[in-house]
Amino acid sequence: MKAEERTDEVLMAELGRGRETALAELVRRYQHDIYRFCLHYLKDAETAREMAQETFIRVYTASGRFDVNRKFKPWVLCIARNLCLNELKRKRALSMETLEDYASDSRGESGEIVRYSGSGPDEVLMARERLELLERALNDLGDEARELIVLRFFERLPAKEIAEVIGGTDGAVRTKLHRVLMALRQQYAICKDDL
Amino acid sequence: MNEPACEKYQNRLLGLIENAIDPAAEADLREHLEHCPDCAGDYRWLRAVCADLETLGDEWRRQAPPVDLLDDVMEMVARVKEVRPCPVPAAPVRRSIPWMRWSGFAGALAAALLLIWVAVFPTGGPSAPGPRAERENGRRRAMDMNRPARLAAKTPSRSSQIAMADLKKILDPMRTPPSHDTESAPETSPVMEEAKTPSLHELLELRKQAIDSPDARTRLSLWATLANATARELAKDAGIPIEAKVGLAGLLPADEAESVLLAAIESFPDDPYLRKELAEMYSAQPGSEAKALAQWQELSRLDPDNAYASFKMASNMFTQGDVDAARLAIEHARALERLDAYTRNAAKYYERALEAAGTESGAAAAAAALSAGTGEYAQLVELGNELLQTGRNIEQQGDNDLALFIYDAVQNLGAMAVRNALFSAEWLAGLDIQSAAITVEGETPAAQTSPDTLAGLAQQMQDLVASYNELAAYYRTIDAFFSGDVTDALFLLFANLILQNGDLNVLQLLPRQ
């Protein structure tokens, strides 16, 4: 079977036995995810790149201890998260990236978010306004709440895997996320009133 | 939220959106949503906001800049393979809270080496370039670096008046008391046999006798130490408060200590001391390195300015062969000013444990104060030992630069322990760590072939001798205090002041010897 057809966990088992081509395949698969994830925390492209590299070095050095019954992605995100949090502490820059910055990255040259392209003009306008309101509301959330949003909706992890990244249970993650989303509803309403 | 009955349904709404609830619960929830407009409104909101957030996420994923890490990662892996050290043997199981059970590792080494270094340079250290006054100023500055910050402003002690032989006589019993088994019955006086737990007055009398009597020191040690069997019994007692059980954790088998500490963390999730104790416990268990590292990381999050966790993380990472990460952790630790082994917290929890074991309140405070720092001394010295052992392994593999980096970091660890010391035990640990690091560095081929390096190390060791002497003078001050007219009330005040402020702060209140 070719490397690209093997599961992440099989590749980790191979890496644990010293086959470095398995690491190369894992880097190919996850380098964008890990880099983007680090960027969420660090705001700085170069530092995010360094931490992403460091994450894969950790994968290599810990490969002998990896439990192949675990899922690889939450495990590797957990490593990346710890590295980023340590880096933030090291630099005394404890605040996570605001979603304002994500939003500016997400805007087209016109400065507007381009989405719902299949809908009619009115729908596009309404959707854009709603999303802009949502972004404003997100920026007022605390770091922990934003981290949950990033993991769940930006990295598309289910609650069970989020729990593996940040610790706790999937039930606890859903409860927290529910609380965050309901708080967002209030914040959303405030932002709407401000407009 | 709507009606109290809605609570269970609210908690399932996200599960429904994720398709992560079982069919029976889903049917129940859908039926509720048909009849509860508030919950149905919340569900609609959650579905809409989840969809919008996923749209934002998609946009972010699409717009994120591309990256190609493959070549760099594989090149780094090749470098890591070159420098990856042999795993360091797992740390020996330790943890107890005995009175003055100083671990002998660095202490004995330092005491012996102090004599050697002094013998080599008997007239006040090696010659060094520069005017004498400048050398003296530098030496004074170095001495201040080896004094706890709270003492640094004071005039240097009359340390030079204390002979090396006296120093050894004073410090060695502090580190290595007569061994005893906490499970066995203590050798007791007739008074002690009548009382299962000592009174404040009995502790005071024994402390006074301990000035001249090794036997009294042993009995005091036994009195201040709960037997392991007692600790296990108390830990199982549901009526004992969790704080008291935390004080017992060091006396419990690992699995029972883990249960106690995890339960305490549930009650006090932000208490860094609890994380530290859990991490120390895991660190002592072979095969629990990953668990230990997670707890050190959590401690680092809870107490980001404290270098202790970063040094421990570095040691852990070296043990696991993660050299680059370990190096980063050391650099991080060295960038910090503060190092706290949480001796005050440990003493407070131990006081609660003694009370739970039936010791009267005043006696518990006194016993906790007199034994404060014992465990932390051992932990700090062990940390230095782990890192030095790693350095030796790396040196054997030929990476001398990395080994020297580690030895230097250990010296830094010792200096930080001294500067931040609130307790004499921490001060002594810092000095022992530094002397061990200087000794190891002095044995490297680089130092052996460089007279200048050897001279510099000898100078550092001379400075440590001065600081050891100052600490010895401090112990004499405490002994002098107890040889005076100390009442039970004054003893209790003394003990409480130590628990609140550390014994080095209390030293400031006593006339120096």
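This is a tour of a predicted two-chain model, from whole chains down to single helix contacts.

**Before you start**

Residues are numbered from 1 along each chain as its sequence is written, and chains are lettered from A, ligands numbered from 1, in the order in which they are written. In this predicted model, local features need pLDDT of at least 70 and side-chain atom pairs count only at pLDDT 80 or more, while totals for chains, interfaces and linings use all residues.

**Stop 1: chain A**

Select chain A and colour by secondary structure. Nine helices and zero strands appear. Helices here are DSSP runs of H or I with at least four residues, strands are E runs of at least two, and both are numbered from the N terminus. Chain A has 195 residues, of which 42% are buried. A residue is buried if 20 or more other C-beta atoms, placed from the backbone, lie within 10 Å of its own; 12 or fewer make it exposed, and in between it is partly exposed. Take the contacts in chain A between residues at least 6 apart in sequence: 60% of them join residues at least 24 apart. Contact means that the C-beta atoms of two residues, placed from the backbone, lie within 7 Å.

**Stop 2: chain B**

Switch to chain B. Its 27 helices come with zero strands. Of its 513 residues, 46% are buried. For contacts in chain B between residues at least 6 apart in sequence, 72% join residues at least 24 apart.

**Stop 3: where the chains meet**

Show both chains. Chain B gives 42 residues to the contact, and chain A gives 47. On the chain B side, at least two residues each come from α2 (13-17), α4 (37-63), α5 (70-83), α16 (289-302) and α18 (323-335). Pick out α4(B): its 13 residues are the largest share of that side. Now colour the chain B side by class: 22 residues are nonpolar, eleven polar and nine charged. Nonpolar covers Ala, Val, Leu, Ile, Met, Phe, Trp, Tyr, Cys and Pro; charged covers Asp, Glu, Lys and Arg; the others, including Gly, are polar.

**Stop 4: the cores**

A nonpolar core is a set of buried Ala, Val, Leu, Ile, Met, Phe, Trp, Tyr and Cys residues joined through C-beta atoms within 7 Å. The largest one holds 117 residues. Select Leu248(B), Ala366(B), Ala367(B), Ala368(B) and Ala369(B), which have the most contacts inside it. Centre on Ala369(B). Leaving out residues up to four places away in sequence, Ala369(B) touches Ala347(B), Ala495(B), Ile498(B) and Leu499(B). A second, separate core has 64 residues, among them Leu15(A), Leu13(B), Leu46(B) and Ala64(B).

**Stop 5: α21(B) and its partners**

Select α21(B), residues 374-396, then add α23(B), residues 424-442. Their axes, lines fitted to C-alpha atoms over the stretch in contact, come within 8 Å and cross at roughly 15°. The pair is therefore roughly parallel. Angles run from 0 to 180 degrees between N-to-C directions; under 35 is roughly parallel, over 145 roughly antiparallel, 65 to 115 roughly perpendicular, and the rest oblique. Residues to show include Tyr377(B) and Leu380(B) in α21(B), and Leu428(B) and Ile433(B) in α23(B). Eleven residues of this contact are nonpolar, three polar and three charged.

Swap α23(B) for α17(B), residues 307-319. The axes of α17(B) and α21(B) come within 10 Å and cross at roughly 40°, so this pair is oblique. Show Phe311(B), Lys312(B), Ser315(B) and Phe318(B) of α17(B) against Leu383(B), Glu386(B), Leu387(B) and Thr390(B) of α21(B). Four of these residues are nonpolar, two polar and two charged.
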